[in-house]
Amino acid sequence: MSDKDDVERGPFQLLEALRNQDKTWKTLAPRYGVTNPNPPWKTSLTAMCDCLVANGVLPLLDWRRAEDELGETVYRDVPAPERQLLALVHVMLSRGLVSETDLAQRMRAVRARLEAV
Amino acid sequence: MSHTHSPGDGGGDHPAAPMVEEITDFEVLEIAVRELAIEHGLFTAEDHRRFTEWAESIGPAAGSRLVAKAWTDPAFKKRLLEDAVKACKEIGIDWAEPTGFGTPSDYMNLRVLEDTPTLHHVIVCTLCSCYPRPLLGMSPEWYRTTNYRRRLVRWPRQVLAEFGLILPPEVEIRVEDSNQKCRFMVLPMRPEGTENWTEEQLAAIVTRDCMIGVALPRPGRTADVHPVQKARRPVQRS
């Protein structure tokens with residue numbers, strides 16, 4: 001599968017909804033007086049990318065190209081690191097590594113879990 | 001949720017640092033996709049913990065050792081400038097680690113930029129925060145700001161001056177952008193007054209900022225020393 005296909009496959013409704021949200025760290029952090037430039041999940045995201053490459057799920061060059069292309073097109077207006085997260089999930093959805101239905105369902109479950117404490 | 005540290009817990013009596021007090025969909029998405037990836041067998045939770053630990057434990061010491069060795073060993077410096085990734089292995093830094101073939105965040109194409117009396121290098125990533133992590137660790141906060149990323153390429157001399165680095169006009173400043181599948185690191189000039197120093201002594205003055213290019217190494221100035229200076233014109237109390 002070429003990277004061009006990755007970009008063309010989509011848009012994904014789930015990610016489009018997030019892309020248009022004004023809830024990025026860059027927006028929220030100043031609202032709460034937080035000075036850390038990155039959200040707490042940033043290192044986890046980096047590690048997830050590393051894991052996918054390490055296990056051969058996403059070939060290194062392939063992933064870098066896809067991330068660059070998506071970051072410069074579909075998610076151009078989204079700041080980092082949300083841009084990187086959306087690009088990663090976009091590629092994973094595009095390649096069938098996870099399904100949009102499963103992901104939406106899991107997101108609801110994760111949110112319920114986080115809000116329960 | 002807010003809390004305070006009591007005197008008994010060693011933290012003094014002060015309020016906790018502010019936090020973003022809402023759960024965003026981005027945070028939820030990161031957890032959800034990671035859980036599904038683990039369930040689908042794409043990687044394990046242990047893999048993820050190991051890479052997270054690695055990312056948060058690397059620092060600039062390796063880069064300092066690399067520079068110190070280049071200063072004291074001309075043959076090594078030549079090899080470093082020709083093939084930096086290969087030369088890194090000589091000081092125990094393998095860019096293929098921890099995956100065996102690099103990471104998405106550390107593209108295995110490193111170029112070391114040698115400063116001269118008339119040429120000064122400084123690195124940036126105008127797109128995001130690409131950085132030579134295996135050598136310098138995680139990037140500093142200011143490196144990721146739009147202020148630095150956007151202004152450095154346009155007004156390098158002024159931006160460097162804001163870091164306290166004022167270069168004479170005859171020194172050309174070259175900005176290298178890490179976007180194009182390549183990582184860069186600056187090899188600063190060895191300062192005067194360090195003759196006969198050991199590699200260890202030299203490495204101590206090669207701080208992270210010297211290898212980014214926003215500072216110059218100086219004898220007596222190390223990352224361990226808090227750069228507190230007394231005010232030149234302190235407020236006069238009546």
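The legends below describe close-up views of a predicted model of a complex of chains A and B.

**Figure 1. Overall composition of the predicted two-chain complex.** Chain A is built from seven helices and zero strands, in the order α-α-α-α-α-α-α along the sequence. Chain B combines ten helices with six strands. Of the 117 residues in chain A, 38% are buried; for the 238 residues of chain B, the buried share is 35%. Among contacts with a separation of 6 or more, residues 24 or more positions apart provide 71% in chain A and 66% in chain B. The predictor assigns the complex an ipTM of 0.94 and a pTM of 0.66.

**Figure 2. Confidence along chain B and its N-terminal stretch.** The mean pLDDT of chain B is 86, with 85% of its residues at 70 or more. Residues 1–11 of chain B have a pLDDT below 50. Beyond near neighbours in sequence, this stretch makes 14 contacts in the model.

**Figure 3. The contact surface between chains A and B.** In this view, 44 residues of chain A are in contact with 41 residues of chain B. On the side of chain A that touches chain B, at least two residues each come from α3 (25–31), α4 (42–54), α5 (60–72), α6 (82–94) and α7 (100–115). The largest share, twelve residues, belongs to α4(A). By residue class, this side of chain A comprises 29 nonpolar, seven polar and eight charged residues.

**Figure 4. Helix α6 of chain A and the residue G96(A) that follows.** α6(A) contains 13 residues and spans 18 Å from its first C-alpha to its last, close to the 18 Å expected at 1.5 Å a residue. Twelve of the 13 residues are buried, so α6(A) is largely enclosed by the rest of the structure. The buried residues of α6(A) include the charged E82(A) and R83(A), and among the others are L85(A), L86(A), V89(A), H90(A) and M92(A). After α6(A) comes G96(A), which has a positive phi, near 75°.

**Figure 5. The largest nonpolar core, with V122(B) in detail.** This core has 43 residues, and those with the most contacts inside it are V67(B), V122(B), M185(B), V186(B), V206(B) and M211(B). Helix α3 (residues 61–72) of chain B makes the greatest contribution, six residues. Leaving aside residues up to four places away in sequence, V122(B) touches L152(B), P156(B), L160(B), I173(B), V175(B), V186(B), I212(B), G213(B) and V214(B). A second, separate core of 41 residues includes M48(A) and L70(A) from chain A together with V33(B) and L42(B) from chain B. In soluble globular proteins, nonpolar side chains tend to be buried together.

**Figure 6. Strand β6 of chain B and its pairing with β3(B).** Strand β6 (residues 183–187) of chain B is mostly covered, with five of its five residues buried. R183(B), M185(B) and L187(B) point one way from β6(B), whereas F184(B) and V186(B) point the other way. In a regular strand the side chains alternate between the two faces of the sheet. Strand β3 (residues 110–114) of chain B pairs with β6(B) in the parallel sense over five bridges. Within this part of chain B, V112(B) has M185(B) of β6(B) as its bridge partner. M185(B) and V186(B) are also among the residues with the most contacts inside the largest nonpolar core.

Methods:
Residues numbered from 1 in each chain as written. Chains lettered and ligands numbered in written order. Predicted model: local features only at pLDDT ≥ 70, side-chain atom pairs only at ≥ 80, totals over all residues. Core = buried A, V, L, I, M, F, W, Y, C linked by C-beta atoms within 7 Å. Buried ≥ 20, exposed ≤ 12 C-beta atoms within 10 Å, placed from the backbone. Helix = DSSP H or I, 4+ residues; strand = E, 2+ residues; numbered from the N terminus. Contact = placed C-beta atoms within 7 Å. pLDDT = per-residue confidence, 0-100. Pairing = 2+ DSSP bridges. Expected span 1.5 Å × (residues − 1).
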